[in-house]
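These are my notebook entries on a structure that is new to me. I set down each item as I looked it up.

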Amino acid sequence: MLYGRSREQADIERLLAEARAGQSGTLVLRGQAGIGKSALLHYAAARAEDMRVLRGVGIESEAELPFAALHSLLRTGLGQIRTLPDAQATALSGALGLGDIAPENRFLVGLATLSLLAEVAGDGALLCLIDDAQWFDQASIDALLFAARRLDAEGVAMIFAAREGFPAAGLSELRLGGLDNAAAAALLPDVLPPQVRERLIEAADGNPLALIELPAALTAEQRAGRLSPVGAMPVADRVQEMFRNQIAALPEAARTALLIAAADGSGELETVVGAGASLRGLESAERSRLMEIRGTTIGFRHPLIRAAAYQSAPVTRRLAVHRALADALTASVAVDAADRRAWHLASAVLGIDEGVARELEEVAERARTRSGYAAIAAAYERAAELTADPVRRSGRLAAAALAASDAGLMERAAALADSATPDVDDPIVIGALIQVRAHREFEQGTPLAAGRIIMDGVPRVVARSSERATWLLVEAIRCAWSAGDAGLAEEAADSLRVLPEIGSPLVCGALGLTRLLSGDIGGGTKLMGEAVDGHALADLGVPGLTFTASLCFPLGRAALYEEIAGRVVAECRKSGMIGWLTAAFQDHGLAQGWLCRYGEAKATLNAGLRLAAELGHEHQVSHLMCSLAWVLAHQGDVEQCRANAEEGIARADGQGLVLAAAIGRWALGRLELGLGRPDAALQQFEGILPTGLTVLSAADQVEAAIRGGWPERAEEPLARYLEWARHVRQPSSDAIALRCRALVEKDEAHFAHAVRCHEAGDQPYEQARTQLAYGEWLRRARRRADARAQLRGALEIFDRLGTELWAERARAELRATGDVPAAPRKADDPLSVLTPRERQIVQLAANGTSNRDIAAQLFLSPRTVGYHLYKAFPKLGITSRSQLAAVARSSPVPD
């Protein structure tokens, strides 16, 4: 029976009921040791008699073994791995040591975990109970959190019990406090005198474990009421001290058995006995109720008992036990025996030991084959601590720093990089250290400071590796672009111009971007155009393609931007480079929005936001929010556009992200134009700091100035846009340039020419704005019949695109001509009734993609895909999958 936990029990009951109804959910129970987290997990298991149940328990000594905890949780369901898609089955098998092929990336393991949980749930419901989650290895945490955040319609309930330090952002959380006095009193024996009961209630501070265990530790005199003053220790320490006292009262053989089991952590009886624990000692420890033996496994009744058994032993005994465990594992055939042996050897060493350091390097490389980035970092870090040679030590620290960065542990990565000696000569090590420090500064500081880190360190690389120096300098220019700093870009460009790789597309693009930042529109666009059209483009990897895609925006190349960004997204998914996927989502979503595919753009950018938040890519979150606001501005979603733009701009301004802030202010300016508030729009446009995007927003700035009655404020942005359009020579930009001239010069010929140019372009939103402006001009000239033709064309496009603010303006103009416009419609967007997630799934299904393949692409479970299709069919007025193609044939597949 649980006392004082009625609210928590109700939350668990609700979670289980939802799982039985097919709706998945998660709950994190957080609190100090002994507060009752495990008891609530036992309660959940007892209430889930009709459900399948998986259990996993974190063990501190296994926190550096990649996927050890995940294997423990999934072990009873591993037989169903074969039912997963091949890539997922291979990845999960490799991660868990059941196959020889390494997983492509840790997120594929997370997706496989999600799919396996859905398979285990089957047609019923599944309960996953994860205790002491704070001791889970990082690879297991990544996989489980990835799955937990994507649970939807699988009928899976997942409950984590953890202390502080367990990362649970985005999951429902319930913090457990101490019991009230009434509930606390119910846990104490009735035979205790009132004053003793009051003292224990006060001392336990509501901690259930303390209330249960402290009375058993009282002497006869203390039970009679002669209590000494309670020390000022936290209750968890008092309970642990009580366990230490119980351990100290045991025979030597039992204490030894407890110490060996605590140091081992695997729970394998064979290993514990092999390291010197006697069966008599184990039996004595079990009789004390401190541990229990089930078959061939050993478990402690509470994690604090394990901690007390280990910490109460002298350091010399702990070292000896770790050496004995290492010897016992030498002949073991267990999958992770070599890794555990190396870690026990490392725990038995106090000083330098190159032999153990080399074994830990092997542990790290084995972890690399299983995408265990946190484990790689831990092994290399410990190897560095055991290394005497400063150069070799720095190399191991650099490897640890890179792995920690890949794992998203930016602070740890930076600390490791800072620990390396400054006199390293290896360009690979130097480059890795610079990369880690700059990455950390970019994500958590400012891009300008990140660029300075690269520029200060690159001279040491140039003399040894011009190729690595080239990549670093291109990165510095990317930092300068994000920061809007022409000086930094020019400094990096000067260094690039003397390197052998000067003719490569990447260098060409970086130099062009530098010129654009410094105001040389013609020279910049020429070099960037050569870069994106370069024949070597097909040979670029994901980083190079990402940079090239981003060049397409200031070049006005919307279709090429979408093509390259889409290729990057596909390549990231195929190769497992998930760390690059947030930037790819941002580029692809922005390109889709530019091409007026707003539903797809929102789905892509929202997916990027979720992933960036999970990875801790704070700067990318700002970019994605501002880009999402830009898309929402077109659709006239005033509330959401403002919310995303204002938060995104505030974050970007604080982070020195001038480029992101420019997109956010451009979004607000376009929104104000759509609302008919040119003064507010002009204020936003004129607040955009110089970047490569100021040329694109200049056209909107011209319109705001003219509509607001300030023609003099249109002169500079008009000249800027005309020069840019003349160099990029794209049909849409040519048409917009003519529209701007028509607005300023009030020349109908420019309007008519602009409408004709739009016919060869790929931006219907801009075409409709041109026709609206032309129709307004014609109406004011009292040419109502001519005005109606243009305004009807504009309205048809605005309605089809779902750009409601602009559509309403076109309707108002038509009514002013005496026409009666039709009601709002989206005749060419049959999927407009769907949510962004439903739209993604429907479009993929319409192309014949199976539920399993859709799930793999969208990081969902097949069951969730089926659930969304089930909801989408009635909205679309269809009853079968075969009808989807006809409904969605006009919509391309989103990401």
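The entries below go from model confidence to cores, ring pairs, charges over rings, one helix and backbone angles.

**Entry 1: confidence.** I noted at the outset that this is a predicted model. I looked up the average pLDDT of the protein and found 87. A pLDDT of at least 70 is reached by 93% of the residues. I then looked for a weak stretch and marked residues 228-233, where pLDDT stays under 50. For that stretch the model has seven contacts beyond four places in sequence. I remind myself that predicted coordinates should not be read in detail where pLDDT is low.

**Entry 2: nonpolar cores.** Which members of the largest nonpolar core touch the most other members? I found Leu70, Leu92, Phe160, Phe166, Leu496 and Phe798, in a core of 219 residues. I followed Phe798 further and set aside its neighbours within four places in sequence. Phe798 is then in contact with Tyr765, Ala768, Arg769, Leu772, Thr803, Trp806, Ala807 and Ala810. I also recorded another core, of 45 residues, which lies apart from the largest one. Its members include Phe243, Ala285, Val321 and Leu325.

**Entry 3: aromatic pairs.** How many aromatic pairs does a search of the whole structure find? The search gives 13. I examined Phe553 and Trp666, whose rings are stacked, with 6.3 Å from centre to centre and 25° between the planes. Phe553 is in the loop between helix H28 (542-551) and helix H29 (558-575), while Trp666 belongs to helix H34 (residues 658-674), so this pair ties together parts that are 113 residues apart in sequence. I checked burial for both partners, taking under 20% relative accessible area as buried. Phe553 counts as buried because its relative accessibility is 4%. Trp666 has a relative accessible area of 3%, so I entered Trp666 as buried too.

I then turned to Phe751 and Tyr774, another stacked pair, with 5.2 Å between centres and 10° between planes. Phe751 sits in helix H39 (residues 748-758) and Tyr774 in helix H40 (residues 764-780), 23 residues apart. Both Phe751 and Tyr774 are buried. Lastly, I traced a cluster in which ring pairs link Phe553, Tyr561, Trp594, Trp630 and Trp666.

**Entry 4: charges over rings.** I looked up two arginines. The charged end of Arg150 sits over the ring of Phe146, at 3.8 Å from the ring centre. The charged end of Arg713 sits over the ring of Trp710, at 5.0 Å from the ring centre.

**Entry 5: helix H30.** I compared the length of helix H30 (residues 581-594) with its expected span. At 1.5 Å a residue, its 14 residues should span 20 Å, and its end C-alpha atoms are 20 Å apart, which agrees. I found that 14 of the 14 residues of H30 are buried, so the helix is largely enclosed by the rest of the structure. Just after H30, Cys596 has a positive phi of about 70°.

**Entry 6: positive phi.** I kept in mind that most residues other than glycine have a negative phi. Phe67, which is not a glycine, has a positive phi near 70°. Phe67 lies in the loop between strand S2 (52-57) and helix H3 (68-74). Is Phe67 buried or exposed? Phe67 is buried, with a relative accessible area of 1%. Phe859 also has a positive phi, of about 60°. I placed Phe859 in the loop between helix H44 (851-858) and helix H45 (862-876). Phe859 is buried, at a relative accessible area of 11%.

How values were computed: Residues are numbered from 1 along each chain as its sequence is written. This is a predicted model: local features need pLDDT of at least 70, side-chain atom pairs count only at pLDDT 80 or more; totals for chains, interfaces and linings use all residues. Side-chain values use heavy atoms; hydrogens and water are left out. A nonpolar core is a set of buried Ala, Val, Leu, Ile, Met, Phe, Trp, Tyr and Cys residues joined through side-chain atoms within 4.5 Å. Buried means under 20% relative accessible area, exposed over 50%, partly exposed in between (1.4 Å probe, protein chains only). Contact means heavy atoms within 4.5 Å. Rings of Phe, Tyr and Trp (its six-membered ring) pair if their centres lie within 6.5 Å; planes under 30 degrees apart count as stacked, over 60 as edge-to-face and the rest as tilted. Helices (H or I, at least four residues) and strands (E, at least two) are DSSP runs, numbered from the N terminus. A charge sits over a ring if NZ of Lys or CZ of Arg is within 6 Å of the ring centre and within 35 degrees of the ring normal. The expected span of a helix is 1.5 Å times one less than its number of residues. pLDDT is the predictor's confidence in each residue, from 0 to 100.
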